[in-house]
Amino acid sequence: MIQLFHVTKEYPGDGPALQDVTLELDKGEFVFLTGPSGAGKSTLLKLVFCDEAPTSGQLLLFGKNVAKIGARAVPYLRRNIGVVFQDFKLLPQRTVAENVALPLEVQAMPDKEIRRRVKQLLRSVGLEHRAEKFPPSLSGGEQQRVAVARALAPAPALLLADEPTGNLDPERTLEVMQLLADANARGTTVLVATHDRSLLERYKRRVVLLERGRLVSDGDSIRRAPGAGAGAGG
Ligand SMILES: Nc1ncnc2c1ncn2[C@@H]1O[C@H](COP(=O)(O)OP(=O)(O)OP(=O)(O)O)[C@@H](O)[C@H]1O
Ligand SMILES: [Mg+2]
């Protein structure tokens, strides 16, 4: 589903944000991407969403080399990808309900069906009562949950979530994680960037650890204490 081969990303005038990263995600996986602030988590998600291009190396999405598909094909690729951006990127002039409806309108879903689905999604993130509000009038955590609802709306093949619980209290965090797990159970491949170690410990999933742009571990070894005899893990 996602394949990176020796991918390096350098922003102009800066050192590499990602360096020689090789990583594969299979269809149906649920993977955490973790590491300290500045490690390159958001950069990796931006590459996968084709918001940024690798400086070198290869990126394949759904088996296609993104460097070769051309800019005009990117919107079609993105129809299969739901994203929760770290800074939400909600449209301020559209209501909460209209924001969540956006990816469904792109799919040309009938209006009645859109209204039904939006209502159900807003209920699932506890925001039915905010449907007609505009994003700037919501709290950070509320905006984050709108972003989650919008990303899940089209039941995407791939969900990219950048710190999707970063603004939530523990209770809301569990609710949002459950929504991501439910989507995964329905077949969505999920990649979640987080530096919240408690999530990694609670949900025993594959963990990819970045440090200063390099992939330093991939598997379950991060859950063990250093020196606890963690094997290479295949
Ligand atoms: N648009 C940009 N232009 C220049 N440098 C950037 C840009 N975006 C990110 N960087 C740099 O790339 C590095 C990785 O940033 P990135 O946002 O990917 O880290 P992160 O792991 O998501 O961090 P955080 O946990 O704080 O969200 C940082 O050193 C950052 O300053
Ligand atoms: Mg980030």
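The following is a chat about the contacts, accessibilities and backbone angles in this predicted model.

Modeller: Ground rules first: local features need pLDDT of at least 70 and side-chain atom pairs count only at pLDDT 80 or more, while totals for chains, interfaces and linings use all residues. Residues are numbered from 1 along each chain as its sequence is written, chains are lettered from A and ligands numbered from 1 in the order in which they are written, and side-chain values use heavy atoms, with hydrogens and water left out.

Biologist: What makes Ser42 and Gln86 donors of the magnesium ion (ligand 2)?

Modeller: Donors are N, O and S atoms within 2.8 Å of the metal (3.2 Å for Na, K and Ca). Ser42 (OG) and Gln86 (OE1) lie 2.0 to 2.3 Å from the ion, so both count as its protein donors. Serine 42 sits in helix α1 (residues 41–48) and glutamine 86 in the loop between β6 (81–84) and α4 (96–106), with their positions 44 residues apart. Water is not among the atoms, so the site may look incomplete.

Biologist: And how are helices and strands picked out?

Modeller: They're DSSP runs numbered from the N terminus: helices are H or I with at least four residues, strands are E with at least two.

Biologist: Why is glutamine 86 called partly exposed?

Modeller: Buried means under 20% relative accessible area, exposed over 50%, and partly exposed in between (1.4 Å probe, protein chains only). Glutamine 86 has 41%, so it goes in the middle class.

Biologist: Which residues are closest to ligand 1?

Modeller: Ser37, Gly38, Lys41, Ser42 and Thr43, out of 13 that surround the ligand. A residue is in that shell if one of its heavy atoms lies within 4 Å. Helix α1 gives the most, with three residues.

Biologist: How does the shell around ligand 1 divide into nonpolar, polar and charged?

Modeller: Four nonpolar, seven polar and two charged. Here Ala, Val, Leu, Ile, Met, Phe, Trp, Tyr, Cys and Pro count as nonpolar, Asp, Glu, Lys and Arg as charged, and the others, Gly among them, as polar.

Biologist: What makes the approach of histidine 195 to ligand 1 a polar contact?

Modeller: The test is a pair of N or O atoms within 3.5 Å (within protein, one must also be able to donate a hydrogen and the other to accept it, and residues adjacent in sequence count only if both atoms are side-chain atoms). A side-chain N or O atom of histidine 195 is 3.4 Å from an oxygen of ligand 1, so the pair passes. Taken alone, ligand 1 exposes 630 Å², and the protein buries 65% of that (Shrake-Rupley areas, 1.4 Å probe). Aspartate 14 also has a side-chain N or O atom 3.1 Å from a nitrogen of the ligand, and a polar backbone atom of glycine 40 is 3.0 Å from a ligand oxygen.

Biologist: Where is histidine 195?

Modeller: In the loop between β8 (189–193) and α8 (197–202). Histidine 195 is partly exposed at 46%.

Biologist: How do you know that arginine 78 and aspartate 51 form a salt bridge?

Modeller: That needs a side-chain nitrogen of Lys or Arg within 4 Å of a carboxyl oxygen of Asp or Glu. Their closest N and O atoms are 3.3 Å apart, so the pair qualifies. Arginine 78 lies in helix α3 (residues 74–78) and aspartate 51 in the loop between α1 and β4 (56–61), so the bridge ties together parts 27 residues apart in sequence. Arginine 78, at 26%, and aspartate 51, at 37%, are each partly exposed. The whole structure has ten salt bridges.

Biologist: Why is glutamate 142 called buried?

Modeller: Its relative accessibility is 12%, under the 20% limit, so buried is the word. Glutamate 142 also meets arginine 130 in a salt bridge, 3.2 Å from N to O. Glutamate 142 is in helix α6 (residues 140–152), and arginine 130 is in the loop between α5 (111–124) and α6, twelve residues apart. Arginine 130 is partly exposed at 24%. Elsewhere, bridges that share partners join Glu29, Arg206 and Asp218 into one network.

Biologist: What is the phi of alanine 108?

Modeller: Near 60°, a positive value in a residue other than glycine. Most residues other than glycine have a negative phi. Alanine 108 is in the loop between α4 and α5, and its 64% is over 50%, so it counts as exposed. Aspartate 20 has a positive phi too, about 50°, but is found in strand β2 (residues 16–25).
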